[in-house]
Amino acid sequence: MASDLFESPDYYGVDDLLSEEHKLVRAATRDWVKKEVSPIIEDFAQKAAFPTQLIKGLAEIGAFGPYIPEEYGGAGLDQISYGLMMQEIERGDSGVRSTCSVQSSLVMFPIYAYGSEEQKQKFLPKLASGEFLGSFGLTEPNFGSNPSGMITNFKDMGDHYLLNGAKMWISNAPYADVAVVWAKNEEGRIHGLIVERGMEGFTTPETHNKWSLRASATGELVFDNVKVPKENILPGRSGLGAPLSCLDSARYGIAWGALGAAMDCYDTALRYAKERIQFDRPIAGFQLQQKKLAEMITEITKAQLMVWRLGTLKNEGKATSAQISMAKRNSVEIALKIAREARQMLGGMGITGDYSIMRHMMNLESVVTYEGTHDIHLLITGMDVTGIPAFK
């Protein structure tokens with residue numbers, strides 16, 4: 001494995017917009033990624049194995065619930081710090097960042113925002129420490145972009161709820177100790193329930209044969225007459241808006257994370273182009289290669305400014321769902337384009353595990369689909385600017 005020589009591009013001096021704490025958080029996360037992720041990730045991706053040994057380290061650097069208050073085990077950081085952490089972790093690998101996003105935004109966030117005090121005290125510290133791994137159950141086999149059609153349901157049995165149904169494409173599922181599951185009650189209202197490993201009838205079969213996110217554990221959540229204690233229902237909010245608010249937080253993290261993957265591909269291509277000699281000079285000296293690099297750094301710079309501004313709005317409580325959708329869509333789109341251009345610049349070497357680019361390309365094919373597809377995010381923006389929904 002070649003040394004991780006990554007240097008973050010900053011063409012417009014965006015660092016000047018960051019606080020010293022932001023820079024320290026980023027530096028600590030980057031150092032950890034270079035030491036713990038980069039040396040092993042290609043091997044785990046090749047083997048399609050989940051690097052469970054990283055969970056403890058992710059917890060130690062505060063990557064699980066970084067914006068959750070310290071009283072519940074979080075780091076109490078702001079949203080820009082969270083974004084920078086996701087940027088650095090996805091620079092290492094999208095699958096590792098997915099583990100953090102699910103743990104932070106899709107499991108810890110709803111428990112913190114909508115859970116009872118007892119639920120917060122019981123689950124959040126263990127999730128923050130990595131003792132518990134969590135998953136989030138919304139997508140179903142027949143309901144992805146249309147989650148309101150879900151058929152997973154629960155019935156009030158007096159002293160407990162009886163949960164039936166199934167969720168699929170669930171990150172962390174095979175290893176999850178707890179799952180925040182969204183299901184309909186007998187009146188058709190969507191609620192969140194905390195399902196715990198060991199509950200009878202709850203299984204988490206793993207999804208195999210993936211060409212993308214190969215170092216991430218993906219599976220199903222299957223509920224066959226699972227008895228869920230009544231104290232495990234999230235009391236603070238119901239309706240589809242509750243899980244969608246969790247997706248807002250996750251999509252925000254992806255907007256920063258995908259930018260990290262783009263930066264890694266650009267940095268790799270730039271370094272390679274300066275070293276690779278053809279026709280007696282570095283290929284960086286040829287016009288077409290310079291065009292590729294110039295366009296990459298332009299798109300990265302625009303995205304850096306977008307996610308920084310979005311982070312500022314989020315810190316102020318002003319970021320809208322539509323703004324988050326736009327940033328998620330933009331970051332993933334530019335990351336995919338940059339990965340593909342960078343792969344071509346490396347020629348045949350670009351498809352090997354000696355470099356990170358092909359792995360990023362494959363991973364991003366999942367990132368462009370999950371947490372809202374590329375097209376759905378486009379329609380969210382379209383609806384926001386026209387006032388007319390085009391989903392139906």
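How many salt bridges does the count come to? Taking a salt bridge as a side-chain nitrogen of Lys or Arg within 4 Å of a carboxyl oxygen of Asp or Glu, the count comes to 19. The structure is a predicted model, so local features need pLDDT of at least 70 and side-chain atom pairs count only at pLDDT 80 or more, while totals for chains, interfaces and linings use all residues. Residues are numbered from 1 along each chain as its sequence is written, and side-chain values use heavy atoms, with hydrogens and water left out.

Some of these pairs can be looked at one by one. D264 forms a salt bridge with R91, with 3.1 Å between the closest N and O atoms. D264 sits in helix α6 (residues 241-275) and R91 in helix α3, so this pair ties together parts that lie 173 residues apart in sequence. Helices here are DSSP runs of H or I with at least four residues, strands are runs of E with at least two, and both are numbered from the N terminus. Both D264 and R91 are buried, a word that stands for under 20% relative accessible area; exposed is over 50% and partly exposed is in between (1.4 Å probe, protein chains only).

K230 pairs up with D156, and here the closest N and O atoms are 2.9 Å apart. K230 comes from the loop between β7 and α6 and D156 from strand β2 (residues 153-156), so the bridge links parts 74 residues apart in sequence. K230 counts as partly exposed because its relative accessibility is 28%, and D156 also falls in the partly exposed class, at 41%.

Within helix α7, the side chains of K291 and E295 meet in a salt bridge (2.9 Å, N to O). The two residues are 4 apart in the helix, so about one helical turn separates K291 from E295. As a rule, an α-helix has 3.6 residues a turn, so residues three or four places apart point the same way. K291 is partly exposed at 45% relative accessible area, and E295 is partly exposed at 38%. Elsewhere, salt bridges with shared partners join D4, R91 and D264 into one network.

Helix α3 (residues 79-92) also holds E90. With a relative accessibility of 0%, E90 counts as buried. Contact means heavy atoms within 4.5 Å. Leaving out neighbours within four places in sequence, E90 is in contact with R97, G257, A258, A261, H360, L364 and V367.

What about the cysteines? A search of the whole structure turns up 0 disulfides, a disulfide being a pair of cysteine sulfur atoms within 2.5 Å. For C100, the closest cysteine sulfur is that of C246, and the 17 Å gap is too far for a bond. C100 is buried, with a relative accessibility of 0%, and C246 is buried as well, at 0%.

Next come the loops. A48 has a positive phi of about 55° although it is not a glycine. This residue is in the loop between α1 (20-47) and α2 (54-60), and at 41% relative accessible area A48 is partly exposed. N172 is another non-glycine with a positive phi, in this case about 75°. N172 belongs to the loop between β3 (160-171) and β4 (178-184), and its relative accessible area of 0% makes it buried. S216 is found in the loop between β6 (202-203) and β7 (218-229). At 5% relative accessibility S216 counts as buried, and it touches F50, G95, S171 and K210, not counting residues up to four places away in sequence.

Helix α8 gives a simple length check. Its 25 residues (321-345) should span 36 Å at 1.5 Å a residue, and the end C-alpha atoms are indeed 36 Å apart, which agrees; the expected span is 1.5 Å times one less than the number of residues. After α8 comes G347, whose phi is positive, near 60°. E341 is found in α8 and, at 28% relative accessibility, counts as partly exposed. Beyond its neighbours within four places in sequence, E341 is in contact with K292 and M296. From E341 to D177 the C-alpha distance is 40 Å, with their positions 164 residues apart in sequence.

Lastly, L305 lies in helix α7 (residues 287-315) and is partly exposed at 33% relative accessibility. Together with Y11, Y12 and L17, L305 forms a nonpolar surface patch with about 460 Å² of accessible area. Patches take residues with over 30% relative accessible area and no salt bridge, joining like charges within 9 Å and nonpolar side chains (Val, Leu, Ile, Met, Phe, Trp, Tyr) within 5 Å. Accessible areas come from the Shrake-Rupley method with a 1.4 Å probe, and for residues only the protein chains shown count as cover.
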